[in-house]
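Please look through the structure below and follow the paragraphs after it step by step.

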Amino acid sequence: MTDIAITGLGCRFPGARNAGAYWELLMSGERQFSSVPAERWNHGTFRGPGDTSATHAAYTDQVAFLDGMDGFDALRHGVPPARARAMDPQRRLMLDVIREALDDAGTGRDGFDRENTGVFFGISVSGDKDLVAAPLRAVSLTGQEGATDGSSDLGGPGFTIDAARSGSLVALDRAVAELHRGSCRIAVVGGVHLNLTPDSLIGFSRLRALSAAGVCRPFDAEADGFVLGEGAGTVVIRPLADALAAGDRVYAVIKGIGSADDGASPGPTAPTAEGRLRAMHRAYEDAGVPPSSVGFLEAHGTGTAAGDRAEIEALRRLRTEWPDDDPSLCYLGSGKALIGHSLSAAGIAGLIKTALVVHHRTIVPQPRTAPHPDLGVAAAGLRFTETPRPWADGNGPLRAAVSSFGFGGTNVHVVLEEPPAQAPAPAPAPVPVRPPVPSPVRAAPFRAAGAPRLVLLSAGSPRLLDRHIGEVLDTLEALDPADRPPLGALAHTLGGREPLKTRLAIVADGTEEFIGRLRRARRQLEDGARGDLGDDAFAADAPLPAAQRRIALLYPGQGSRRPGMMRDLYEGFAGFRTAVHTLGALAGTDAAGLLYGKAAARGGAEETMRRLTATDVCQPVLGTVQLAATRLLADCGITPDLALGHSVGEFAAAAAAGALTGEDTVRLLAGRGAALRQAAENGPPGGMLAVQTDEETCRRLVEGIDGVWLACFNEQRQIVVSGTAQGLAALREACAGAGVVTVTLEVAGAFHSPLLASAEEGVRAVLAGRRIGSPVVPFVSSVSGQLCTDPGALRELWARHASGPVRFGDAVRTAYEQGARVFLQVNGGASLLTAVRRNLYHHDDVHLLTADAGAERDAGRGFVRTLARLAVLGVPVDPRGLVPAEERRLPDPPTAEPDTRSHRVPGKRPAPPRRTAPVPAPVPPAEPPADETPYELLRMIRHQAALLIHLTNALLTPASPAPGKPAGATAATPAVDGAVAGSPGTTPPRRSSP
């Protein structure tokens, strides 16, 4: 078969709330058995200690149940609370472990093929159907709904399979077949089982399958049955070749899988070795490897006499009769000794355990086991270990296997192998240009692997975040410093998980720096600090509502140009660097060489600035850098909800909004810049003057001065005036006399004035060769100051853009009216943000940030710091966009917990019991001969019917007479006090398939 990789794990088992905790439990070897929790049902009503023949009672109260099984974060899954309450609790738990497995696989926040991802789950009929109130049954009792109720938004095939105890590995068999067929490219496979009524406990007591001692001891001389358990588990699988190509972490490889039925047998409680052996043979034939190569085997191992005997016999025959060398010793285990028998989830519990054993290359301990002498465990070449053992390398790859055998004879065996060693990622390519550049613009060495990283931790609440921080610190500090993962790998792994509500974002250069900052941040959070914690750490208890975090990207004009602009992003992040080279080449300008390389070195910063003043150079270079920064932001999950630009920044904003492609934008800017240069050179010399006053005062000052025009309305107290040299000199003198401050701008001409009207014809010709589409997100033009959606109108606005005024203040106010609340300046430092703040001074819900540190060199830390701020505001920042390919591997940091709420169906307790004549139960027939299986099944059915009659009468007895009726008007029948907590008026429990 095609090798299949296991790339993600998620689970909840007794004593283990996730896969990491499950591994710790397995390593500890601690049993998780205890009495039936009071919140499930009043087990005293259903218990008959020592009476293995009781009709309506269980002879044990020992189980392995989950804590808080009704907890669910409905909003996280997009499930309305009312629907969440109506859902089968097994389905809710299934959604939780699916989400955990996808997070663990690095795909929790998308980035994978949802449309071709299938879901395959083993699940049995739930006792929930007997607990929900009647009005909810139409919603919750459909029984055959899709595998995830549509809540996971996965579009591949979906199956729920009820094959009793082997259901989850039967689901795995089906998933592997679908992957081979190509009907899906990724599969989520699992199993789930919850005990919501005493149904299964009583049923297995009738079969005498449960341990009377309350301890599951598979293959032990004192074994007397299993302990009833529950739980859920999920694995994410895909073809190994795809996983390796994507750089996935691979826990283990599924080499082969085999399934078989017992065929003719004495009955469901008398399994045969032949059926199990048949499944094993098929698995090893499928894998193309001999059983002797397996060094660890996770057995079905229930601790029942018949089951253990059939399993060991099958293993002995497999290992001694296979035509290969004598088998080497193999370690044997069974997780049921720790977490009980979780029925539909039992197989997946064994698969996850075995995958972790392979992944950690460690044989986990089995509780002390004295093998039953009649089983012949040693003769089969099998042994147990009571302590964890490192799994030493052998002559080939490490291999393990797992079995799951169903009630009635549906048998599955799976062969796993360690993944192949992945080739080391290629070293980062050198920066194409690296000349010595004189101060103040000095070239730095290429340092993509050493650039700052953003690590985002999140959990469902402040309390859970503190726990998560502690677990991450414990995990990292337990490792030798040399063995700790690089910070990029940690950022990549945590960044691939869906962010939860409470968040902490930390910027650091390396793992040790991160650990120190995480410790300090934890102390600050404990003291109640939030927001900017200092030391490049940011935190929030909850994200802003979606309407309050809508992002407007701001693009400044030519005034933002400078030698070496955004050099830190060019040297630190490959995505930015690639975009600069690609777009610069399309525009016919060597943007990288001019800004960062030899062109900048030849004449120094002054010469570079002179060259950048020319519009035919500046505009395409500026657009190239702006679009490269936009692409880097998009790589990090930041896309605009609205875009606007100042002056020539309008065109990069239009590209960000989807009205232009990046390629067309830089070509348009190159042609436009040339047209403007020609117009400026053919006309009178001109310039621009910033006047620090309001519009009314400025208009009064320009009265009577020829050759000046109001060109830019930036804010209430700043107007930029364009004009001839003589006109601007006269205006400067008038302003000085009036005590108004002015600043001369370093520009190549009198932009946004009639002096450049001659450029209009050339600009129209350039626009005619470019396709302009309707913006995909709202675009506000600073020419009109209004929202613009019509491509024809945009073409006309841009034709007269160079000779018309800039209405930036109006554009900012329009952006706010359109819902923008977070204004992010893409380049040029914070040059536009002061104007934004002053235009929106009366609003207190505005956040201003910049993606560029401006002239300050900070190794890209300012950019990453801005991402951290955005992440805690609730913007979907993806830290993986900053991590180079050579660091994109997945270590195993702990997973965080969502903030769950109980979704138990509300209700009142049943009425207390009344003294009345008991309802007689049918007398079971005498014990049938071993080969008369129909009598065994008939006895079980009769027992079930008796139990239903007993509980129906009990639960339907009213607590008091109906108004207006005498107390004796209703026939008295016995009630069961607290039989099922919180579920009055319900139908009686019915047994689900074991």
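**From one helix to the cores and the surface**

In this predicted model, helix H1 covers residues 19-28, and its buried residues are Ala19, Ala21, Tyr22, Trp23, Leu25 and Leu26. What do the buried residues of H1 pack against? Their partners are strand S1 (4-12), strand S13 (362-363) and three helices: H3 (89-104), H10 (336-339) and H11 (346-360).

Both ends of H1 can be described as well. At the N-terminal end, Asn18 acts as a cap, with a side-chain oxygen 3.2 Å from the backbone nitrogen of Gly20. Just after the helix comes Gly29, which has a positive phi of about 70 degrees.

In soluble globular proteins, nonpolar side chains tend to be buried together. The largest nonpolar core in this model contains 79 residues, and Phe576, Trp798, Phe863 and Leu870 have the most contacts inside it. Helix H19 (residues 615-635) gives this core its largest share, nine residues. Phe576 can be followed in detail: leaving aside neighbours within four places in sequence, it is in contact with Met566, Leu569, Tyr570, Tyr596, Val625, Ala628, Ala629 and Leu632. Another core, of 53 residues, lies apart from that one and includes Tyr22, Val176, Tyr251 and Ile257. Tyr22 is also one of the buried residues of H1.

Nonpolar residues are found on the surface too: Val741, Val743 and Leu745 make a nonpolar patch of about 230 Å². Val741 sits in the loop between helix H23 (725-738) and strand S27 (742-745). Why does Val741 count as exposed? It does so because its relative accessibility is 52%, and exposed means over 50%.

Notes
Residues numbered from 1 in each chain as written. Predicted model: local features only at pLDDT ≥ 70, side-chain atom pairs only at ≥ 80, totals over all residues. Heavy atoms only, no water. Buried < 20%, exposed > 50% of the residue type's maximum accessible area, 1.4 Å probe, protein only. Helix = DSSP H or I, 4+ residues; strand = E, 2+ residues; numbered from the N terminus. Contact = heavy atoms within 4.5 Å. Polar contact = N/O pair within 3.5 Å; in protein donor to acceptor, adjacent residues only side chain to side chain. Patch = residues over 30% accessible without salt bridge, like charges linked within 9 Å, V, L, I, M, F, W, Y side chains within 5 Å. Areas by Shrake-Rupley, 256 points an atom, 1.4 Å probe, with all protein chains shown as cover. Salt bridge = Lys/Arg side-chain N within 4 Å of Asp/Glu carboxyl O. Core = buried A, V, L, I, M, F, W, Y, C linked by side-chain atoms within 4.5 Å.
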